[in-house]
Amino acid sequence: LLHQEKNNVTNGFEIADSDIQSKKIFVGGLPHDLNTGEFKAYFDNYSSVVDIVIMHDKQTLKGRGFGFVTFQSKETVNNALGKSFHTLKDKFVEVKRAKPKGTSVQNNNNDGIFFPNFACTVITMGFPL
């Protein structure tokens with residue numbers, strides 16, 4: 001087997017990590033001053049948020065500009081993904097389906113390939129970034 005599932009136990013029920021992952025979204029481009037209450041309040045508009053995480057630098061404790069939201073249902077993830085960009089604190093943030101660690105080597109959207117630890121040059125075809 002290439003992938004081994006771990007199980008979580010919540011309130012006496014076992015939940016496979018793959019099931020949790022399918023209910024999770026990645027949110028990139030978060031404002032650095034966004035707090036967890038504001039983050040949760042925005043995505044609660046879609047449905048019940050089970051968990052939120054804003055990633056922080058371990059040393060400075062400053063927000064790293066991205067986080068994760070776990071919803072109660074997979075359908076809510078699809079609703080949230082209906083818009084690629086959302087607005088939080090007057091800033092556009094990008095929303096994508098979360099992927100388990102180690103699966104980001106190739107992007108399934110066929111819009112590029114990610115190689116960690118390699119430098120790259122972005123060619124914009126004359127369009128400003």
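So, how many bridges join strand 6 to strand 7? There are 4, and these two strands, residues 85-88 for strand 6 and 91-97 for strand 7, run antiparallel. Quick vocabulary: strands are DSSP E runs of at least two residues, helices are H or I runs of at least four, and both are numbered from the N terminus; two strands pair if DSSP finds at least two bridges between them.

Before I go on, this is a predicted model, where local features need pLDDT of at least 70, side-chain atom pairs count only at pLDDT 80 or more, and totals for chains, interfaces and linings use all residues. Residues are numbered from 1 along each chain as its sequence is written, and side-chain values use heavy atoms, with hydrogens and water left out.

Okay, back to the hairpin: strands 6 and 7 have 2 residues between them, and lysine 89 in that turn has a positive phi of about 55°. Phenylalanine 85 stands opposite glutamate 94 in strand 7.

Strand 7 also pairs with strand 3, antiparallel, through 4 bridges, and there isoleucine 25 stands opposite arginine 97.

Now phenylalanine 26, in strand 3, residues 24-28. Glutamate 94 is 68 residues away in sequence, but 8.0 Å away C-alpha to C-alpha. Phenylalanine 26 counts as partly exposed because its relative accessibility is 24%; that class lies between buried, under 20%, and exposed, over 50%, with a 1.4 Å probe and protein chains only.

Leaving aside neighbours within four places in sequence, its contacts (heavy atoms within 4.5 Å) include Phe66, Glu94 and Arg97. With the same neighbours left out, isoleucine 25 touches, among others, Phe43, Val69 and Val95.
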